[in-house]
Amino acid sequence: MDILFSGATIVTMDQGMQILFSGYLGVTGEKIAYLGQEPPKDTPEKIIDATGMVLMPGLINCHTHLATGLLRGAAEDMGQAQWLEDGVFPRTDRLDARAARAGVLLSLAECIRFGVTSVSDLYGFAQVTAETVAEVGLKANIAPPLSLFAHESEEFDFETDPACQAFRALAEKWNGYDNGRIRIDAGLDGEYTGSYRLWEPLAAYAREKNLGIQLHLAESRAEAESCLDRTGLTPAQLLDCHGVFFPGACAAGCGGLEPEDLALLGRRGISAVCCPVSNLKFALPPAPVTELVKAGMNVALGTDSAAANNTLDMFEEMKAVALAEKRRTGHPAALPAEATLMMATVCGARAQGRQAQCGMLKVGMDADLILVDFTAPHLMPCHNVLSSLVYAARGSDVALTMVQGKILYAGGKFTTIQLDQVVKELAGYAMEKLFAPAPEN
């Protein structure tokens with residue numbers, strides 16, 4: 001046994017929601033090798049005293065755009081459309097691979113610091129993202145978003161289109177990397193930036209190669225109504241007509257879904273990804289979590305980008321989704337702490353196609369876990385560990401982050417990221433690249 005955590009309050013998130021007080025968890029190689037109330041007979045190489053800590057599965061962020069962490073706070077207090085047009089696109093049009101890498105590194109550092117062990121990224125520069133994730137050690141589902149506008153669709157060919165060729169090359173190289181630590185998903189920005197000429201061959205390729213699909217879906221009522229006006233169908237209905245929805249598809253947003261969409265997506269086995277903080281900030285309707293679950297959908301959590309959300313703190317996201325659902329339904333018990341924690345762990349793993357490897361603490365599963373320091377004043381007294389994790393804990397309370405048995409953060413230090421070098425790259429290159437005044441003609 002390589003590492004033994006001792007004395008922790010272990011929140012397993014297993015089928016019985018078992019909690020072990022003053023428990024022990026052992027790690028051998030990449031896997032959890034021991035879990036129990038008594039110390040193991042085997043002598044570990046290293047013992048980590050976790051007294052006063054909560055040991056739990058790592059959090060899974062099922063929707064973000066890592067490279068755009070460079071735009072944190074650059075455009076505020078706007079509607080989503082104006083924010084994109086005036087605040088985001090003029091900057092991201094300047095992105096190059098070097099600046100994107102700096103943004104990805106910054107976002108991955110934040111994820112690790114706040115206890116995220118796996119992330120789903122829907123953004124460009126996917127090759128850069130894959131290379132960076134490989135170095136840093138997180139798990140990631142990476143999806144370059146493909147688009148096809150009406151004026152381009154007549155000449156489009158999935159086999160010869162450069163972006164589609166790049167996506168297939170990415171999948172061939174990176175899908176399954178390092179025992180599945182990196183997975184490649186197909187990606188669509190949304191219904192409004194696509195065409196059936198892209199959707200059908202992309203979905204067919206994803207099915208053939210056993211890939212997931214990431215996309216934005218019905219983030220607002222306006223988006224849904226626009227599609228209805230143009231096509232007579234909701235975005236969900238239109239995409240379903242062209243084969244986009246099958247188990248493995250993850251739809252982010254979902255606040256503008258119609259009741260009939262819920263039944264459709266539930267039948268297809270789709271995962272909905274709620275991003276409550278981003279939605280609230282843009283004054284968008286929150287996803288109807290209770291109705292999504294009743295329809296048979298797997299419901300996970302994401303932060304959206306740091307440009308939209310300002311942080312990648314999944315603890316903040318858990319509290320926000322629980323409070324938003326209580327307010328939306330008018331029922332204080334609408335989304336209890338146990339269900340909220342499941343969204344950030346078990347359901348997140350299911351959304352990423354990783355449910356056999358992570359999302360809970362069980363012998364034989366990957367050692368993807370975090371320690372949360374419960375000795376801070378805002379976490380005492382602890383009458384209920386699950387509710388304290390959802391309503392009181394913060395990302396900054398994470399004391400250790402481990403992925404596949406490797407410690408990526410502990411004692412205030414990163415083991416795979418040189419944060420001072422990231423800061424230098426931000427200041428010395430990326431910020432100037434994105435924000436320097438355009439040269440005069």
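What volume does the second largest cavity have? The value is about 40 Å³. This cavity belongs to a predicted model, and its lining is described below together with the other cavity, the pockets and the open sheet.

Confidence in the prediction was examined before the geometry. The chain averages a pLDDT of 96. A score of at least 70 is reached by 100% of the residues. Confidence is lowest in helix α4, residues 150-153, where the mean is 78. Strand β5, residues 53-57, marks the highest value, at 99.

An open sheet of 6 strands is present. Its order is β9-β11-β12-β13-β14-β15, and the pairing is parallel. Strands β9 (145-146) and β15 (298-301) form the edges, each pairing on one side only. Within the sheet, β11 (residues 186-188) and β12 (residues 213-217) run parallel and are joined by 3 bridges. Here L188 stands opposite L215 in β12. Helix α7, residues 196-209, lies across three strands of this region, namely β9, β11 and β12. The helix runs at about 155 degrees to β11.

Pockets were considered next. The largest has a volume of about 1,200 Å³. Its lining comprises 41 residues. Closest to the pocket centre are L84, F89, D189, T193 and H216. Several elements each supply at least two lining residues: helices α1 (80-92), α3 (126-136), α5 (162-174) and α8 (221-231), and strand β9. Helix α1 gives the most, with 8 residues. Strand β9 thus appears twice in this account, as an edge strand of the open sheet and as a contributor to the lining of the largest pocket. By class, the lining of the largest pocket holds 21 nonpolar, 12 polar and 8 charged residues.

The second largest pocket has a volume of about 310 Å³. It is lined by 19 residues. Nearest its centre lie P247, G248, R350, A351 and G353. The lining of the second largest pocket divides into 5 nonpolar, 11 polar and 3 charged residues.

Enclosed space was searched over the whole structure. The search finds 2 cavities of 30 Å³ or more. The largest cavity has a volume of about 60 Å³. Its lining is made up of C274, P276, N279, P286, A287, V289, V321, A324 and E325. Helices α11 (276-281) and α14 (314-329) are the elements that give two or more residues to this lining. Helix α14 gives the most, with 3 residues. In the lining of the largest cavity, 7 residues are nonpolar, 1 is polar and 1 is charged.

The second largest cavity, at about 40 Å³, is lined by A75, E76, D77, M78, W83, K281, F282, A307 and A308. Its lining divides into 6 nonpolar and 3 charged residues, with no polar residue. One of the lining residues, W83, falls in the range of α1 (80-92), a helix that also supplies residues to the lining of the largest pocket. Another, K281, falls in the range of α11 (276-281), which contributes to the lining of the largest cavity.

Methods:
Residues are numbered from 1 along each chain as its sequence is written. This is a predicted model: local features need pLDDT of at least 70, side-chain atom pairs count only at pLDDT 80 or more; totals for chains, interfaces and linings use all residues. Side-chain values use heavy atoms; hydrogens and water are left out. Two strands pair if DSSP finds at least two bridges between them. Helices (H or I, at least four residues) and strands (E, at least two) are DSSP runs, numbered from the N terminus. Contact means heavy atoms within 4.5 Å. Axes are lines fitted to C-alpha atoms, for helices over the stretch in contact, and angles run from 0 to 180 degrees between N-to-C directions. On a 1 Å grid over the protein atoms alone, a cavity is a set of points where a 1.4 Å probe fits but cannot get out, and a pocket is an open set with protein on both sides within 12 Å along at least five of seven lines; lining residues have an atom within 4 Å of a point. Grid points are joined across faces, edges and corners, and a volume is the space filled by probe spheres set on the points. Ala, Val, Leu, Ile, Met, Phe, Trp, Tyr, Cys and Pro count as nonpolar, Asp, Glu, Lys and Arg as charged, and the others, Gly among them, as polar. pLDDT is the predictor's confidence in each residue, from 0 to 100.
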